[in-house]
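I opened the model to look up its sheet, the helices lying on that sheet, and its nonpolar cores. My entries follow.

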Amino acid sequence: MLTLDKVYHASYVLKEAIRETDIIPAPKLKPGADIYLKTENLQVTGSFKVRGAYYRISQLSEEEKRKGVIACSAGNHAQGVALAARKNGIKSLICLPDGAPISKVEATRSYGADICLVQGVYDDAYNKALQLKDEKGYTFIHPFNDVDVIAGQGTIGLEILNQLSDVDAIVVPIGGGGLCAGVAFAAKSLKPDIKIYGVQASGAPSMYKSFKEHKIAKLDTVHTIADGIAVKEPGALTFELISKYVDDIVTVNDDEISAAILALIEQHKMVAEGAGAVSVAAAMFGKIPTDGKKVCCIVSGGNIDVTILSRVIRRGLQMSGRNYLVTLELVDKPGQLTQVSSIISKLGGNVISIHHERSNEGSDVNGCFLRIQIETRNFDHINQIKKELTSAGLKII
């Protein structure tokens with residue numbers, strides 16, 4: 001049974017293993033909103049997951065410690081379990097989906113864990129871990145559906161109220177629900193009028209559907225850049241706690257997540273993974289009420305694969321109006337490119353790339369297409385450029 005005493009005990013135990021992460025103001029993320037960031041992406045292992053994992057492992061019996069532990073994870077829980085096991089002198093085996101970012105797999109290995117890659121997604125790794133648990137006698141460290149794990153994650157709620165006592169709302173990423181359940185329980189127990197909002201990726205809305213339908217929903221597939229919260233089915237315990245203590249759950253799409261990651265990099269020099277940025281995306285794109293409220297977004301992790309980061313930045317630039325791809329149909333004659341480039345440069349746009357091709361079947365025999373990629377300031381700037389191009393008699397496709 002989860003109690004406030006257990007969360008406080010977890011906070012005491014964790015002092016030896018984790019850092020109390022800072023809360024920083026983020027005034028530029030959404031004009032008119034008073035937003036703060038709880039920087040769990042700067043936690044040891046780069047994620048909040050070490051809190052629940054360490055506290056759970058600290059409560060094992062001596063016999064359980066001798067047999068070792070097993071866990072499954074998309075990456076962050078794996079690193080938390082591996083570090084906690086090493087600090088406690090325990091053997092650990094981690095089952096990960098074979099699509100987990102290489103950086104997370106290698107980071108987990110670096111903490112001393114043995115790795116078992118499983119074909120599929122998180123739920124497939126979960127089933128494999130349960131099989132090995134029964135075969136070898138390991139203790140399974142669940143990533144979210146466990147009272148001790150939830151209590152460990154709930155210590156973030158204690159810290160937020162201690163650091164930002166007049167906070168009106170906390171925005172929490174949700175995968176399986178351990179973080180949200182723990183934070184909501186701790187925060188609501190101490191401050192009943194506080195609002196707790198959960199956020200899921202629209203491509204993996206298992207807890208969102210469960211919350212709205214008042215029963216646990218299982219998804220057939222999940223697909224999102226927020227791999228850390230790509231969970232097909234939430235836990236029974238986390239669902240129960242979230243149903244009781246969370247005010248609402250919303251979803252954000254991959255474009256919105258990408259824009260949030262980009263905003264954190266540019267405005268706060270902070271790297272967040274997709275799962276860690278969903279809370280910020282919800283605030284940025286008006287998915288939750290923020291006007292006149294003091295809102296704390298938990299940036300839950302920063303372990304993003306650098307190969308994904310470049311694609312996310314490119315998507316984020318498009319989503320925030322910082323990059324515009326325009327195709328023009330022109331008459332193929334001298335001076336056309338000069339006219340187009342002079343309009344763009346006069347308005348302060350920067351041409352990144354340009355592609356010219358003769359028109360194809362069905363278009364003017366003297367026609368051509370000009371595809372130009374432009375660096376822009378925002379959507380207003382894009383509209384200004386489009387208006388000027390059409391005013392000059394140029395046809396935008």
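**Sheet and cores**

I looked up strand S2 (residues 34-39) and found that it pairs with strand S10 (residues 294-299) in the parallel sense, over six bridges. Strands here are DSSP E runs of at least two residues, helices are H or I runs of at least four, both numbered from the N terminus, and two strands pair if DSSP finds at least two bridges between them. Leu37 has Cys297 in S10 as its bridge partner.

The model is predicted: local features need pLDDT of at least 70, side-chain atom pairs count only at pLDDT 80 or more, and totals for chains, interfaces and linings use all residues. Residues are numbered from 1 along each chain as its sequence is written, and side-chain values use heavy atoms, with hydrogens and water left out.

I then traced the open sheet of six strands, which has the order S1-S2-S10-S7-S8-S9 and mixed pairing. Its edge strands, S1 (23-25) and S9 (248-252), each pair on one side only.

Next I checked Ile196. Not counting residues up to four places away in sequence, Ile196 touches ten residues' worth of neighbours listed as Ile170, Val172, Cys180, Ala184, Ala187, Lys188, Tyr245, Val246, Asp247 and Asp248; contact means heavy atoms within 4.5 Å.I also looked up the largest nonpolar core: of its 64 residues, Ile57, Ile170, Ile196 and Ile242 touch the most other members. Such a core is a set of buried Ala, Val, Leu, Ile, Met, Phe, Trp, Tyr and Cys residues joined through side-chain atoms within 4.5 Å, where buried means under 20% relative accessible area (1.4 Å probe, protein chains only). Helix H8 (residues 178-190) gives this core its largest share, eight residues.

Definitions and conventions:
Buried means under 20% relative accessible area, exposed over 50%, partly exposed in between (1.4 Å probe, protein chains only).
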